[in-house]
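Student: Hi! Could you walk me through this structure while I look at it?

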Amino acid sequence: MKPPSFRYSSPATVPDAVALLVEHAEEDARVLAGGQSLVPLMNFRLAHPGFLVDLRRVPGLDSIRMDGDVLVLGAMVRQSAAERSAEVRVAAPLLAEALGHVAHPPIRNSGTVVGSIAHADPAAELPTVALAMDAEMTAVGPQGERRIPAAEFFQGPFTTALASDEILTEVRLPPFAGGHAFVEFARTHGNFAVVGVAALVAVTDGRVTRAAIAASGVGPTPVRMTAAEEALGGAVPDSAAIGAAVDAGTAGLQPAGDLQGSAATRIDIARAVLRDAIERAAERAQDRR
Amino acid sequence: MTAVERPAAPPVRTHKADRRWVGKSIRKVEDPKFLRGRGGYIADLVRPGMLHAAVLRSPMPHARIVSIDTGAAEAAPGVHLVVTGARAAELTGPLPDFGPDPTKHTWRCLAAEKVRYVGEGVAVVVADNRYLAEDALELIDVEYEALPPVTDPEAALQPGAAMVHEALGSNLAYARQFDFGDVERDFAEADVVVRDRLRWHRSGGQPLETVGAIADFDPATERLTVHTNSLSFTSYMFMAAGALGVPMNKLDVHQVPAGGSFGSKLFVTKPFVIAGMCSRLLGRPVVYLEDRVDNISNCDHHGSDRVYDVELAVMRDGTMRSITIDTVDDYGAYIQFGVGHHGNALAQVTGPYTINSVRYRVRAALTNKNQQGAYRGFGSEVNNWMLEQMVDKAARELGMDPVEIRRRNFIPPASFPYFIPSGNVYDSGNYAAVLDKTLELADYDHWRAEQARAREEGRYIGIGVISAQERSVFSATEFWFWFDEPNAPVTSSPESVTLGVDATGTITATLYSCAFWGNSPETMVAQLVAEEFDVDPHSVSIIYHGTAGGLPATGPGGSRTTVMLAGAVEGASAKIKAKARKAAAHLLEVDPDDLEWTEGGFQVRGVPGQRKGLDEIAAMLHMFKHSFPEEVESGLEESKVFDHPYTTMPSADRSDLGVFYPFMGNACHVPVVEVDIETGRVSFLAYAAVHDCGTLVNPRSLAGHILGGTTQGIGTALYEEFVYDEEGQLITSSFLDYTIPTAAEMPEMTIGHIETPSPYTPHGIKGGGEGGRMMAPAAINAAVNDALAPLGVRVTELPMTPDRLRAAIRAAGQVSSAAR
Amino acid sequence: MTDLHPISLTVNGREYTLAVEPRRLLVDVLRDDLGLTGTHIGCEHGVCGTCTVLLDGASIRSCITLAVQADGAEIRTVEGLADGAVLHPLQEEFWNKQGLQCGYCTPGMLLRACELLEQTPDPTAEQVREGIASNLCRCTGYAYIVEAVLAAAPRMRERTPAQTPTETTGAQA
Ligand SMILES: Cc1cc2nc3c(=O)[nH]c(=O)nc-3n(C[C@H](O)[C@H](O)[C@H](O)COP(=O)(O)OP(=O)(O)OC[C@H]3O[C@@H](n4cnc5c(N)ncnc54)[C@H](O)[C@@H]3O)c2cc1C
Ligand code: FES
Ligand code: FES
């Protein structure tokens, strides 16, 4: 299991990197971030990029910063760096919690937050978080820079709105004043989740004022559970209201069955995970006030 | 029961009570090199200039190979050789196969005319390095003509099923029914017949190191030197030589330590033959190291894959009278070890219980899956699970306590040696003592109370209690008695050790097979030698002999290593001591009979001052031969070839299979689990296990094997399965899909030991390397069933994945609830 | 042949400059080019952890890391743990507690445990269990590995910098 041959460059600027992607488009040029998804795929010879553009030497891409109240993570911020970052814990505790579920520390030491979003594995945690948080992805291509909202970004399994000559330079996470929870069900510790739920719940005077919920493992992309969010809106987050939100959120889901679970089992698990996530987020929302 | 005339048992031994080294948990002598990353595994022996092989694998479960175009691959950079399966079939003979009629299901290192499972090799490329070899694999063009895949073992036996091997005329590789005792009568007299259908899916050893071989053919001498992490490298050498067409005296196989085996590296002839074939063609050393996908899809370690229909005849008081077992075993496309896996089951078919009679029907089905090999337990773990499932079901139907029904049926300590209906003997045991100790360690009553409390809160806690057997030291009759007219006599599966005391008095032990795989043959031998000669075990040097010029040996398997090595060490030590005694007597000018062995030397009985240490004796024998009478030879080195110590032949009609697995351990496992009925997740609250493997040589190392085996058993029970879908695709071909438990899934385990010595082995040792995995699947299944009993759910299929558990719970009417 | 890329690596305190094909995996460069065969290969897809090494002090999977990605890094492998004849406390405790059977996972486990104890010098058993869950062991059932790491923790806390082999301080800091 060795990767196929390719050519390689580690440019010093984003424009240079974009230029390389354009120049080697015919060879299926690809961006290399941590390599924790791409290199295994190449080892299996499931991916044959002819050219890799490694972002590791572009200065500044490993920065974690605040742009006003928006948390901005550069393309080369390793998952473990984000996990340890005090800024992330304060500005996006949902992300911090989810990171603890992404693979294992040795993989998080290499893998990047943005790389996981770009990879768009339907079972992955971080795309789900991005969707729940209404994140924006900054893409730079030959035509310049654009921002892509998470709701438009994930288009299918391993398929995103990013063009093949574009680079994601950062992910932008707006604030959410309320409680958060990332809950997942995985077969073993560190394994990809069968189902994962990212929940944000704001509570004022005992009632839910805003909820943002997304789930992995129940569709070809992370799914925003708007029906559950609506069911919670204005409600006292007690078990009846949460139960109703779970019913609403999982009604009509049609996950594909696979090795990890039939469609029916995935829905069973999604119900339990969704309930736990909403409960915990609501509890934390109460605590926050 | 009709009285069977039985050959005499070996003499009963008395074991010395004051042991100095046997029984001590010393640090293992093997470990320092591994701790420093200097293990010397097969991949570590690769040197610059060696060529690397990679194998093209079939993506088709069942297809005729219409054509293979290797032109582009041959022209690719760095490529030295491409060999297709058809060409390999001209260059090599079939791989060794102990099944019936091997010519009707010919097994080769690469598929020749058709492929029979996903992952079967169709061609091999040899190149300067593995990267280039894999590049070339992508350039090989194979045209297949798809054939209908056969994936279900029972459907495979239906008329009209597509045939995996046309020459066989069906997919039934073996079928036989044995009756041991009067089954009809016992069933007629029974109060209740408990029936069930059970399904055990295939999982495998999955050692972290794959299989590899480095073959170096020297065209000048026509000698083939092979290094490989095969464990039984001595005993299969003649078969590999046959497959390669190399004269046996031109083949030298060398041991290397294996990074885990668990049965998966017993023979492993494919990499050996592929590397050997390529090296012979090229006249250069060729390395073939499987990668993980090679290993998962084309290895020798897919384990048992059985469907059972079982009936257990019981009396109302819980006494078990008889059992009929009807099993179909999915052997995959080939059949390497015959149905020896069922010999393993028959060795302990009635468990620790006094069951009168047994009917055992086995059918071996061939399907489009990787062939079965060996996995820790070798089929006896499946029998344990089946039997304990039935005992629990009987307890439920009779309204009995699971502990009580077991106690009632235990073979009492006074009845040993005890012959079970199949003819095998249990040498010794104390099953109630093991059970009692386990219940105590498990804090059983506390957990029963917890369980009651949890049920009131709507939580599902379950406690499993199983008591089962752990056979050790197989005799090759278990591969042999299947045939009325076996085509060769039966081997005694010997093991050999040479002990040498050099001129300075330090001791070297030479082993001839039994390569290291994570068991501790070196530590065992060092402790046994230390016990014999009163030396520090860490001062004993251990080396492995290659096959050329080696003594007879068999290798590990069936938990035989320690007992067999102990026999060989004992024999060689006795010879050394006999010679040393004579020499000391001569030097001290006393009668040899007046000497006694004490503290590392011979001393005149009762006269501590008058003695010769082993070092002094050895120095004299090595260097000063003229100080001794004419007949004394220089040196102090002796060997012992130790044959299987207790085998008896089966009866001609096979109504009695004779003694073939005589040293019988026993264990009790009590896991406490909680089942989350919403998600089907099983988690452990506690886990206690007590094993009785006779006298322990290194208790901590045995406990380590119990822990490791139990972890694999947890995998078998909850996580691990080689899944082939209905189209015959293997959908668990990597570690991403084949789920191996991590440290986080492990229960906090409490391990205990009982030591009931064997009357027939040195020190009373029994084998114990496989025990954990022989118990855990049964125990965890029992615990899950106990947890789900209030829902009326009983799980009869392993592994108990969340999907399977949820399906069972849904079927029982438990729809998932959102609100708490 | 594809173009070669110059890289420099500091491995166990020793500097190497090499020219590698970009596709070469770090584990292969360590094993084949530098002869450091203590880093093992188990799966080559990132799951098992047998190939774990420390890169600038952080554990990584060398089987899914390209050597070019490690250019300029300090790498520590199992060969850099012992100080000559003196075993590292973790090695010593793995031996004492029988934290290994076949030894194949051991180098990776040792390095992962090293990182764990540097980040969490006084861990609970639970933290160790979770921490080493990144690395598979097929032999031991993990229990004695957990015991070994717990036993090594106080010994590592007590180690003064002077006792640390100077060659390896870089990766250890
Ligand atoms: C054993 C194992 C277990 C894992 N378990 C999990 C898990 O439980 N949950 C989980 O979410 N992930 C898991 N992962 C994946 C891991 O999180 C990866 O690190 C992550 O998905 C990809 O990040 P990366 O930086 O390594 O990206 P890379 O592998 O470098 O790239 C991945 C893909 O994204 C593209 N890409 C990366 N960065 C950019 C960019 N800035 N612009 C444009 N395209 C880009 C690449 O071209 C490539 O196609 C696991 C990985 C392994 C090996
Ligand atoms: S070999 Fe690198 S993780 Fe398995
Ligand atoms: S000791 Fe063998 S894999 Fe861990």
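**Chatting through the chains**

Tutor: Happy to! Let's begin with one proline: Pro799(B) sits in the loop of chain B between β30 (797–798) and α20 (802–811). Keep in mind that this is a predicted model.

Student: OK, so what kind of peptide bond runs from Leu798(B) to Pro799(B)?

Tutor: That bond is cis, and its omega is near -5 degrees. A cis peptide bond also joins Phe416(B) and Pro417(B), with omega about -5 degrees. Pro417(B) belongs to the loop between α12 (402–409) and β16 (418–419) of chain B.

Student: And what about the phi of Glu599(B)?

Tutor: Its phi is positive, about 45 degrees, although Glu599(B) is not a glycine. You can look for Glu599(B) in the loop between β23 (595–598) and β24 (601–604) of chain B.

Student: Switching topic: how many salt bridges are there over all chains?

Tutor: The whole structure has 87. One within chain B pairs the side chains of Glu184(B) and Arg359(B), at 2.8 Å from N to O. This pair links distant parts of the chain, 175 residues apart: Glu184(B) is in helix α6 (residues 183–189) and Arg359(B) is in strand β15 (residues 357–365) of chain B.

Student: How many salt bridges are counted between chain B and chain C?

Tutor: Six. For example, Arg700(B) forms a salt bridge with Glu147(C), and their closest N and O atoms are 2.8 Å apart.

Student: What do those two chains bury between them?

Tutor: About 4400 Å², with 56% of that on carbon and sulfur atoms. Leu35(B), Tyr131(B) and Leu208(B) supply 19% of the area chain B buries against chain C, more than any other three residues. The contact takes in 54 residues from chain B and 53 residues from chain C.

Student: Which helices pack across that boundary, with axes 9 Å apart?

Tutor: Helix α18 (residues 699–719) of chain B packs with α5(C), at an angle of about 120 degrees. That angle makes α18(B) oblique to α5(C). On the α18(B) side the contact uses Arg700(B), Ala703(B), Gly704(B) and Leu707(B), and on the α5(C) side it uses Ala143(C), Tyr144(C) and Glu147(C). By class, that contact has four nonpolar, one polar and two charged residues. So Arg700(B) and Glu147(C), our salt-bridge partners, both turn up in this helix contact.

Student: Which helix of chain C comes within 8 Å of α5, axis to axis?

Tutor: That's α2 (residues 89–96), and its axis crosses that of α5 (residues 143–158) of chain C at roughly 140 degrees. The two are therefore oblique to each other. Their crossing is right-handed. Among the residues making the contact are Pro89(C), Leu90(C) and Phe94(C) of α2(C), and Ile145(C), Ala148(C) and Met156(C) of α5(C). Sorted by class, this contact has nine nonpolar, one polar and three charged residues.

Student: Last one: how many residues of chain C are in contact with chain A?

Tutor: There are 31, and they touch 30 residues of chain A. The area buried between chain C and chain A is about 2400 Å², and carbon and sulfur atoms give 54% of it. Within chain C, Arg23(C), Ile64(C) and Gln69(C) lose the most area to chain A, together 26% of what that side buries.

Student: And how many salt bridges cross that interface?

Tutor: Three of them. Glu44(C) forms a salt bridge with Lys2(A), the closest N and O atoms being 2.6 Å apart.

Notes
Residues numbered from 1 in each chain as written. Chains lettered and ligands numbered in written order. Predicted model: local features only at pLDDT ≥ 70, side-chain atom pairs only at ≥ 80, totals over all residues. Heavy atoms only, no water. Axes fitted to C-alpha atoms, helices over the stretch in contact; angles between N-to-C directions. Helix = DSSP H or I, 4+ residues; strand = E, 2+ residues; numbered from the N terminus. Parallel < 35°, antiparallel > 145°, perpendicular 65-115°, else oblique. Left-handed = near helix turned anticlockwise from the far one by under 90°. Contact = heavy atoms within 4.5 Å. Nonpolar A, V, L, I, M, F, W, Y, C, P; charged D, E, K, R; others polar. Buried area = accessible area lost by both parts, 1.4 Å probe. Salt bridge = Lys/Arg side-chain N within 4 Å of Asp/Glu carboxyl O.
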